[in-house]
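I am opening this notebook to record what I looked up, one place at a time, with the backbone oddities ahead of the helix packing.

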Amino acid sequence: MSASVKAKLRTQQIETPSWAYGNCGTRFKVFTQAGVPRTVEEKLDDAAQVHAFTGIAPRVALHIPWDKVDDYAKLSRHARALGIEIGAINANVFQDDDYKLGSVTNPDPAVRKKALAHLLECVDIMDQTGSRDLKLWFPDGTNYPGQDDMRTRQERLSEALMRVYDRLGKDQRMLLEYKLFEPAFYTMDVPDWGTAYAHCLQLGERAQVCVDTGHHAPGTNIEFIVAFLLRVKKLGAFDFNSRFYADDDLIVGAADPFQLFRIMYEVVRGGGFDRDAGVAFMLDQCHNIEPKIPGQIRSVCNVQEATAKALLVDREALVDAQRSGDVLRANEAFMDAFNTDVRPMLAELRQEMGLDPNPMEAYRRSGYQERIEAGRKSGKQSGWAA
Ligand SMILES: [Mn+2]
């Protein structure tokens, strides 16, 4: 069994976010770190380290305008020279004063126009980087009952999404992300997977839902959402991170490894792990207090561990117990896989892939962290305002 599990794990690809390498923080404080990238190229350099030590993180997502450059073809070449590729393009309609009352659902048509122009610009960038996915997350919503008309805002959203969808190339996809609350506190215009799903359904098959694991109410059964969306071919991507309370953006698997396993089991069960299913496994995280590159390595390894356990579930025994209504035996089959220590198997896999069995230790030993801390002294660090 372990040989077939390892063969599957070899095909896994996890995309890291460029913004995880820059400075970030909470709304109270951004703590800067030594050695943080000053340019997009340096973010790609750091992302390449994560791939070098894990072997399964060959792509990095960009965020526009944070990662805006003059020459995207040149940036793609820089990525390829490092052994990685540019992944999804993430739009940003949350940082301008104009967006105080929303972006594509703003009551002011001029603001809506500006937001739409940015989304279309992101598709132009995808054409140049060769990216398949446009990831859309809208901060749009209201804080007070009566502030704006919820239904009209849905019309505005739908109109903008249609315009962007029409602009996509035939190999490009739109990933629509939802979030329960924040920055708006009364209503969000895309608050949940049902809303995202309904819009994607209306748009067409190249519009799919992105499940950010930190964007639900506490206690939400995320694996059910995953199972449902996979069944109807609308699960486009994950934004993995973990949370204790709200959108904490912590290292994936840190808060609830069992939940991550349950999610990955539904992915395996629903065929979402097969490459042609097109599910993008992305991380969306902020490393506020921990060093960023090892923070990403840890996260990638945690997804890999949960995936390994999900692949280890004895499906035959499970299905047999389920069909015969044997509740306890079914649960045992499930839990046996979760309780398996897969670390020795993963160490073996890495050695077979020509990697160090322990990516965290190997990174520490590599001296890369010391080199960037010494070398990146002048210039402005990328990231949120410090
Ligand atoms: Mn996200």
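**Entry 1: Lys-233 and the end of H7**

I began with Lys-233, which is partly exposed because 14 other C-beta atoms lie within 10 Å, a count that falls between the limit of 12 or fewer for exposed and that of 20 or more for buried. I note at the outset that this is a predicted model. Lys-233 sits in the loop between H7 and S9, and its phi is positive, about 60°, although the residue is not a glycine. I kept this in my notes because most residues other than glycine have a negative phi.

I then turned to the helix that Lys-233 follows, namely H7, which covers residues 222–231. Which residues of H7 are buried? I found Ile-222, Ile-225, Val-226 and Leu-229 to be so. Seen down the axis of H7, these buried residues fall within an arc of 100°, so they line one face of the helix. An α-helix has 3.6 residues a turn, so residues three or four places apart point the same way. I next looked for what the buried residues of H7 pack against, and I listed helix H6 (193–203), strand S8 (207–212), strand S9 (235–240) and helix H8 (257–269).

**Entry 2: Asp-249**

I went on to Asp-249, in the loop between S9 and H8. Its phi is near 55°, a positive value in a residue other than glycine. Is Asp-249 buried or exposed? I put it down as buried, because 23 other C-beta atoms lie within 10 Å, whereas Lys-233, with 14, is partly exposed.

**Entry 3: Two cis peptide bonds**

I checked omega next, bearing in mind that most peptide bonds are trans. The bond from Ile-64 to Pro-65 is cis, with omega near 15°, and I located Pro-65 in the loop between strand S2 (59–63) and helix H3 (72–81). The bond from Glu-182 to Pro-183 is also cis, here with omega near 10°, and Pro-183 belongs to the loop between strand S6 (173–177) and strand S7 (187–188).

**Entry 4: H3 against H4**

From the loop that holds Pro-65 I moved on to helix H3. How do H3 and H4 cross? I recorded that the axes of H3 and helix H4 (residues 109–129) come within 8 Å and cross at roughly 50°, and the two helices are therefore oblique to each other. H3 passes H4 in a right-handed crossing. On the H3 side I listed Tyr-72, Ala-73 and Ser-76, which meet Ile-125, Gln-128 and Thr-129 in H4. Sorted by class, the residues of this contact of H3 with H4 are three nonpolar, three polar and no charged.

Within H4 I also looked up Cys-122, which is buried because 25 other C-beta atoms lie within 10 Å. Setting aside neighbours within four places in sequence, I found Cys-122 in contact with Ile-64, Ile-89, Ala-91 and Leu-134; among these, Ile-64 is the residue that precedes the cis bond to Pro-65. I also took one long separation, that from Cys-122 to Arg-27, which are 95 residues apart along the chain and whose C-alpha atoms are separated by 27 Å.

**Entry 5: H2 against H9**

The last pair I examined was helix H2 (residues 40–54) with helix H9 (residues 292–312), which pack at an angle of about 40° with their axes 9 Å apart. H2 and H9 are therefore oblique to each other, and H2 passes H9 in a right-handed crossing. Which residues meet here, in H2 and in H9? I wrote down Asp-46, Gln-49, Val-50, Phe-53 and Thr-54 for H2, and Ile-293, Gln-296, Ile-297, Val-300 and Cys-301 for H9. The contact of H2 with H9 comprises six nonpolar, three polar and one charged residues.

I closed with Gln-49, in helix H2, which is buried because 23 other C-beta atoms lie within 10 Å. Leaving aside neighbours within four places in sequence, I noted its contacts as Ile-293, Tyr-363 and Tyr-368, of which Ile-293 is in H9. From Gln-49 to Gly-83 I noted 9.8 Å, C-alpha to C-alpha, for residues 34 apart in sequence.

How values were computed
Residues are numbered from 1 along each chain as its sequence is written. This is a predicted model: local features need pLDDT of at least 70, side-chain atom pairs count only at pLDDT 80 or more; totals for chains, interfaces and linings use all residues. Axes are lines fitted to C-alpha atoms, for helices over the stretch in contact, and angles run from 0 to 180 degrees between N-to-C directions. Helices (H or I, at least four residues) and strands (E, at least two) are DSSP runs, numbered from the N terminus. Angles under 35 degrees count as roughly parallel, over 145 as roughly antiparallel, 65 to 115 as roughly perpendicular and the rest as oblique. A crossing is left-handed if the near helix is turned anticlockwise from the far one by less than a right angle, and right-handed if clockwise. Two residues are in contact if their C-beta atoms, placed from the backbone, lie within 7 Å. Ala, Val, Leu, Ile, Met, Phe, Trp, Tyr, Cys and Pro count as nonpolar, Asp, Glu, Lys and Arg as charged, and the others, Gly among them, as polar. The arc is that of the directions from the helix axis to the C-beta atoms.
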